[in-house]
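Me: I would like to go through this structure slowly, asking each time what a word rests on. Could you show me the structure before I begin?

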Amino acid sequence: MHTLETHPFATLFGIDESVVAQALSEAMSRGAEFADLYFQHVRTTSLSLEDGIISRASTGVDQGVGIRAVIGDQVGYAFSESLEADAIYVAARTAAAIAEGTKNVPPQHLQGRDVDNYYAIDRGWDEVNITERLPLVQSAETMTRAMDPSIEKVSVGWMDRDERVLIVTSDGVFSTDRRPMATLYCSVTANKNGVRQSNGASVSRREGIDYFTEENIREVCHKAVDRTMILFEAQRPPAGEMPVVLAAGASGILLHEAIGHGLEADFNRKGTSIYATMMNEKVAPDFVTIVDDGLQENDRGALNIDDEGQATSCTTLIENGVLKSYLHDRISAKHYGVSPTGSGRRESFRHVPMPRMRSTYMLDGPHSRDEIIRAVDYGIIADTFTNGQVQIGAGDFTFYIKNGWLIEGGEITAPIKDVNIIGNGPEALKNVVMAAGDAVLDDGSWTCGKNGQGVPVSMGVPTMLVEKSMTVGGVN
Amino acid sequence: MERELLQQAEQAVEQARRAGANNAIARVRDENSTEYTYRDGNIEQVQQSATRGLSIQLYVNGRYSTHQTSDLRAASVARFIEDAVALTQHLAEDPHRIIPDSALYANRPDTDLQSDDALVRDLPREACIEWLKKMDAVTHTDDRVVSATADVYYGWNTSARVSSNGFSGIQNGTSIGYGASVTLKEGEHGRPEDHRYVRAHHLSDLPDPETVAREGLDRAISRLGSEKAPSGRATMVVDPEAGGRLIGAIWGALQAHSIQQNRSFLADKKDAQIASSLLTVTDDPLMVRGLASRHYDGEGISAKRRCVVDQGVLQMYYVDTYYGRKLGWEPTTGTSSNLVFAPGDKDLNGLIAEIKDGFHVTSWLGGNADTTTGDFSYGFRGFRIANGRKMGAVSEMNIAGNFLDLLQNLVAVGNDPNVYSSLQSPTLVFDNVAFSGK
């Protein structure tokens, strides 16, 4: 335990215990049951390379405090970019107005909360000079160009982020977190006999600069080139329902859209999710266990604390086929009378927290990848993805396959491209008939959007087979 | 306020010059908004925001960078700009990065775009609560409703832009929007849902809240009993509210950036027949009360109306200074504004009445397109059309194809533009579209 006075973030934000205590008292002055302050400071550096030169560099500084007053499931929210005490108090009084009474809340003494660090790095991005980043971006370009003579254009993007948060709650606890993130993406356009194809790949993790070894950079570039070159041979698959094999890794987008969003407790608390009435029901075969995990070291979805100051966790959503838990923020945990799951997240101090995913993945199943492919007489295997979406109530979800393959007579045959898949969450879960022992988390730069707020996430699956139920957006 | 923002921008440009930048462009924006959410008889959330930020573009010895900060304390800004100029010195020289030609700033229009509504700036809380209660009441008139949420959003913003080569401008506007989303119960677990949301600069341009909420409820009710139809080729009627997504994806291929990076299926197509002759689209930044109206674009280039597609023939690309120089083209404007379609003579219902076999697409679900090839595949929700009549709701279906084929198969354009969007798509009807279902 430590005190706010001696914490370096108090200096960073230019605040002390009296300002924080006063702000919380103001936020609760109209009768709120709970209030919290979310101080955030973010520095970003981005670079973009096109036509061989780094054509643009960008930096950003964003800081402020978000103040929330809660009464039952009602929320008042306001923020201030200025961290002057008076500006903070004005925001606190604005947030307080969700409640309509009066209440005198005496200031409390604050206790610091210690948490484990799942993304300790040697040097924060704040301490890295621009001249250390530039050669990494250049090297990605050089490596990529050398990989295939048909490559016409290479663009490389870089983004790193150094984020510091300080969260103070009206129950007298403060928590802090320093969250690194670094993203490298590589896009390629190639030309073969006058036909052009483009594709790309990315890696995004809570890492420092040491992660970006030549080997790790080369892997991203290779993926970008391979995914582009195969498009020259790829066709659109036929249209209609057919078995879909999900290749290990990024296919976890199916879990994210088909199950994860529907298990965010705010939708269930309001009764608007198709899963609202399915808790403790058997929704999938025995071998299906799905978790949402904030504890994967250096993963894009890792969190030491969520954005309400709760320690994060690994939450089992589906265990041996049975629906076990929703993802909770403070409000929903109180509503359901359960422990929070550390899932209260927000895009920035300008936004209210709500239940969100972190790393969503399925554990290994009992089959092998070969068995799974052999089991398909006619279908597709999905390999890389760009985006997905879900309708929470109907349960209908989609994901867009950029690269995949046809499976004919139990064998992988021709490459396919640009296919939207649409299905229904509970239906797809029931139809998961096989899963292999090769589960892997994808480390692409996935960002999940909900109510206009984007947060970093990751996802993974073992190779798995969804029997004929989803519709493949091909062309007959 | 306007004076203060201009001064902040001028000062930032001056500081950048002093720190060693040859040229600089600064923009300071100030935004205010309030949003109320009301659910099932209670206020659920009130969010208020007042935000100000500075962004600056730097041209330093042939090098270029951009920077943003929300820490506007004088000392912080001064150090931020000094650091930014110093960082820029480390980058490689890029001969194509020059500040926009000041000749493009000339003849800036000064027509009244009516982007600002004093009523919105002075909207009392009581009025918002009243609308929310009315919308909430309307959406709870059906006993299948599980939950309904009504929202009211309003705000205003001002931005000042100053460049070291003589540009100085202020733009401001208000916005207001409201609507409702409704979830119904169907069967044991089903929760079909839909919504209706409208927005404008002026309050008087919006339908009344009860009408909007009624449409939200009716849409949700119309989703009951939705089914997956068989795969096959059929006519597609794209609702005005859904047209924007398709048009936006196609317009991405008109950007000089896409063309220069060899990622545009519309490269080398200027003066070519890219669509059926029914498609005529004007980019109109000067439309009175238009949601994307402006006197100048993001580079300070003076706004003017431009024909983008004339009877199916492509007339222009969106060319900014940087990619224009790389391509050897004169800049037009880098970003689209309001897109106005030459209308046909029927509305959605009139067009549906002419279709024997097809689907009415009301909204998209997921999907994407490849700008390089024009290949697309989208999920959608909507209705079956048979013999000129709208039939049952469909769901869990996709369309797929290539935009070059799709545009040639445009067989009708409605007279019913979506005025609550800057992409004012009317109903669009396409023949021979590949649908996938069961």
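Me: What share of the contacts in chain A with a separation of 6 or more comes from residues 24 or more positions apart, and how do you know that two residues are in contact?

Reply: Two residues are in contact if their C-beta atoms, placed from the backbone, lie within 7 Å, and in chain A residues 24 or more positions apart account for 75% of the contacts with a separation of 6 or more. This is a predicted model, in which local features need pLDDT of at least 70 and side-chain atom pairs count only at pLDDT 80 or more, while totals for chains, interfaces and linings use all residues. Residues are numbered from 1 along each chain as its sequence is written, and chains are lettered from A and ligands numbered from 1 in the order in which they are written.

Me: Why is chain A called as compact as a globular protein of that length?

Reply: Chain A holds ten helices and 25 strands, where helices (H or I, at least four residues) and strands (E, at least two) are DSSP runs numbered from the N terminus. Its radius of gyration, taken over C-alpha atoms, is 24 Å, and the globule rule (2.2 Å times the number of residues to the power 0.38) gives 23 Å for 476 residues, so the two values are close and the description holds.

Me: What makes a residue buried, and what percentage of chain A is buried?

Reply: A residue is buried if 20 or more other C-beta atoms lie within 10 Å of its own, exposed if 12 or fewer, and partly exposed in between, with C-beta atoms placed from the backbone. Buried residues make up 60% of the 476 residues in chain A.

Me: How many residues does each chain give to the contact between chain A and chain B?

Reply: Chain A gives 70 residues and chain B gives 62. On the side of chain A that touches chain B, the largest share, twelve residues, comes from strand 2 (residues 53–71) of chain A.

Me: How do you know that strand 2 of chain A pairs with strand 3 of chain B?

Reply: Two strands pair if DSSP finds at least two bridges between them, and five bridges join strand 2 of chain A to strand 3 (residues 63–69) of chain B, the two running parallel. Thr59(A) stands opposite His67(B), which lies in strand 3 of chain B.

Me: What are the domains of chain B, and where do their bounds come from?

Reply: The bounds come from an automatic or database domain assignment, which divides chain B into domain 1 (2–222) and domain 2 (226–438). Taken over C-alpha atoms, the centres of these two domains of chain B are separated by 25 Å.
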